[in-house]
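Student: Could you pick one residue in this chain and walk me through its surroundings? I'd like the close-up first, then the wider setting.

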Amino acid sequence: MKLILEILLMGLAMMLGAYIVPGVSVDGYGSAIIAAILIAVANATIGLILRIFTFPLNVLTLGLISFIITVLMILLVDNWMTGFNTSGFLAAAILAIAVSIIKMILDSIFGVEKK
């Protein structure tokens, strides 16, 4: 049940983020949920491999490389999907920040705890 709530909240965060950030568009709530799932899968697979290879550089930049990898995963999902579009790197970077802030607020409203 918690996984379903997480997926629904992430889809809502993607919808709100696409509404707030100029240069990002999502066709609907279903596309937002699929985009959120694909971004999570890309971060868990390709992103993890990239983070392992860039670990020393990530330590030196205090995590900035991890943020850049997350933005690249958003751009990758943008290329995979037709219902989710970003206008470039800057829009994807602002979307990543906006979605994380919105998700944090939604988690506190709906009482989702991180373990």
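**One residue and its setting**

Tutor: Sure, and since the radius and pair values all come from coordinates, keep in mind that this is a predicted model. As for the contacts across the whole chain, of those with a separation of 6 or more, 61% are between residues 24 or more positions apart. Let's zoom in on A92, which sits in helix α5, a helix covering residues 89-110. Is A92 buried or exposed? Its relative accessibility is 0%, and the cut-off for buried is under 20%, so A92 counts as buried. Leaving out residues up to four places away in sequence, A92 touches V71, I74 and L75. Then there's V24: 68 residues separate it from A92 in sequence, yet their C-alpha atoms are 7.6 Å apart.

Now step back to the whole protein chain. It has five helices and two strands, and reading along the sequence you get α-β-α-α-α-β-α. A92 has company in being buried, as 39% of the 115 residues count that way. On overall shape, the radius of gyration is 14 Å; a compact globule of 115 residues would come out near 13 Å, so the two agree. Along the principal axes, the C-alpha atoms fill a box of roughly 35 × 35 × 20 Å.

What about the outside? The accessible surface is about 6,900 Å², and carbon and sulfur atoms make up 77% of that. As for charge, there are 5 positive and 5 negative side chains, with the centres of the two sets 10 Å apart.

Conventions:
Residues are numbered from 1 along each chain as its sequence is written. This is a predicted model: local features need pLDDT of at least 70, side-chain atom pairs count only at pLDDT 80 or more; totals for chains, interfaces and linings use all residues. Side-chain values use heavy atoms; hydrogens and water are left out. Helices (H or I, at least four residues) and strands (E, at least two) are DSSP runs, numbered from the N terminus. The radius of gyration is taken over C-alpha atoms; the globule rule is 2.2 Å times the number of residues to the power 0.38. Buried means under 20% relative accessible area, exposed over 50%, partly exposed in between (1.4 Å probe, protein chains only). Contact means heavy atoms within 4.5 Å. Accessible areas come from the Shrake-Rupley method with a 1.4 Å probe; for residues, only the protein chains shown count as cover. Lys and Arg count as positive and Asp and Glu as negative; His and the chain ends are not counted. The place of a charge is taken as NZ of Lys, CZ of Arg, CG of Asp or CD of Glu.
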